[in-house]
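Please take a moment with the sequence and the model before reading on. The paragraphs below lead from the whole chain to a few of its places.

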Amino acid sequence: MRSYQTMLNNGETFPIIGMGTYSGENDRETTERAIRTAIKMGYRHFDTAKIYGSEPAVGNALRRAIHDGLVEREDIHVTSKLWSSDHHDPVSALQQTLQRLGMEYIDMYLVHWPVALKPWVDYPIPAEEDFEELDMENTWSGMERCLEMGLCRSIGVSNFSSTKIQDLLDFSCVTPAVNQVEMHPMWRQRKLRAVCMEYGIHVSAYSPLGGPGNAWGTTSVVDHPIIQSIAHKHNATPAQVALRWGLSQGASVIVKSFNTRRMKENIGALQLKLDEWDLHDINKMEERKIMRGDWLSNDTTSPYRTVQELWDDEI
């Protein structure tokens with residue numbers, strides 16, 4: 001699997017396909033079993049976050065796999081994220097994440113969202129009154145201290161727009177290694193990818209299939225006639241085509257499924273090759289901001305309206 005890695009701007013390697021561990025049910029046993037299966041299939045990047053509630057399961061599964069000789073720690077990449085109520089003290093937040101994981105360090109620590117919530121907000125959908133002013137310069141200084149202390153190997157951001165990236169670079173000493181954002185054939189992030197490329201920031205795609213199965217997601221990507229046609233042409237699945245498209249753009253992809261068949265299908269995208277005509281056809285697909293679609297942006301009373309305004313500069 002070492003050939004399925006990319007090099008980050010700090011010299012660290014980064015697997016180009018990862019396994020997301022968010023689960024609405026948050027079933028620890030199911031999560032641990034899925035991670036062990038994923039390791040046997042060849043997955044080496046595991047993405048978690050404080051707000052997912054999956055850090056204990058991820059840590060336990062990985063420690064057991066290492067103990068059993070399935071994999072070495074240096075071959076595993078663990079990403080977690082700073083929740084928006086912890087912006088005042090990233091160091092303490094990461095130390096707590098490490099306790100939950102049972103690890104001495106993680107490979108990547110991301111600022112989950114470019115918004116700040118009041119310290120007691122520990123739920124994923126905040127109310128409007130839960131937001132407070134964000135001091136991103138102070139937050140990023142704390143992230144840089146995490147790096148200096150050896151609590152993580154790399155630091156980065158998530159859900160940052162082009163403007164937010166450029167604002168951050170005005171005061172940062174360490175350039176983010178990664179920006180993890182929604183990206184798929186129907187939300188291609190051309191502007192953001194260009195800005196990130198200019199500064200050597202790797203783009204990592206979450207919801208690379210459009211989030212089917214999630215409350216906010218859709219099957220529009222995998223059901224699209226162009227994706228279906230390309231899949232038929234290559235004797236592949238629509239999911240593999242969508243994932244391979246993301247990889248062909250230089251991004252890595254974070255896939256989320258605990259279903260053994262789909263996990264195998266997803267990692268099979270590494271073997272697929274798309275030609276220039278496939279890429280041309282995909283570029284003709286109408287774009288739709290699925291993550292910020294009807295569930296979010298059309299509800300003027302949504303508690304996420306404050307977040308939505310952050311994206312008006314077009315991520």
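What follows goes from the overall picture to a pocket and then to two single residues.

The structure shown is a predicted model, and a careful reader will therefore want to begin with the predictor's confidence in each residue, which is given as pLDDT on a scale from 0 to 100. The mean pLDDT of the protein is 91, and 88% of its residues reach 70 or more. One stretch calls for caution, since pLDDT stays under 50 over residues 292-315, although the model still has 49 contacts beyond four places in sequence for these residues.

Seen as a whole, the protein holds 13 helices and 12 strands, and of its 315 residues 55% count as buried. How do the contacts spread along the sequence? Among those between residues at least 6 apart in sequence, 74% join residues that are at least 24 apart.

Empty space can be sought as well as atoms, and rolling a probe the size of a water molecule over the atoms shows where such space is left. The second largest pocket encloses about 220 Å³ of space, and of the 15 residues that line this pocket, T13, E74, I76, H77 and D107 are the closest to its centre. Two strands, β2 (13-15) and β9 (152-158), each supply at least two residues of the lining. Sorted by class, the lining of the second largest pocket is made up of eight charged, four polar and three nonpolar residues.

Turning to single residues, the unreviewed UniProt entry lists Y52 for "active site". Where in the fold does Y52 sit? Its place is in the loop between β4 (45-47) and α2 (55-67). Is Y52 buried or exposed? With a relative accessible area of 17%, Y52 is buried, because the cut-off for that class is under 20%.

A second loop residue, K273, lies between α10 (260-267) and α11 (276-282). K273 counts as exposed, because its relative accessibility is 59% and the cut-off for exposed is over 50%. Which residues does K273 touch, once those up to four places away in sequence are left out of the count? The answer is H234 and R244. The chain also brings K273 and S248, which are 25 residues apart in sequence, to a distance of 8.7 Å in space, C-alpha to C-alpha.

How values were computed
Residues numbered from 1 in each chain as written. Predicted model: local features only at pLDDT ≥ 70, side-chain atom pairs only at ≥ 80, totals over all residues. Heavy atoms only, no water. 1 Å grid on protein atoms, 1.4 Å probe; cavity = no way out; pocket = protein on both sides within 12 Å on 5 of 7 lines; lining within 4 Å. Points joined across faces, edges and corners; volume = space filled by probe spheres on them. Helix = DSSP H or I, 4+ residues; strand = E, 2+ residues; numbered from the N terminus. Nonpolar A, V, L, I, M, F, W, Y, C, P; charged D, E, K, R; others polar. Contact = heavy atoms within 4.5 Å. UniProt positions renumbered as here; feature names shortened; annotations may be inferred. Buried < 20%, exposed > 50% of the residue type's maximum accessible area, 1.4 Å probe, protein only.
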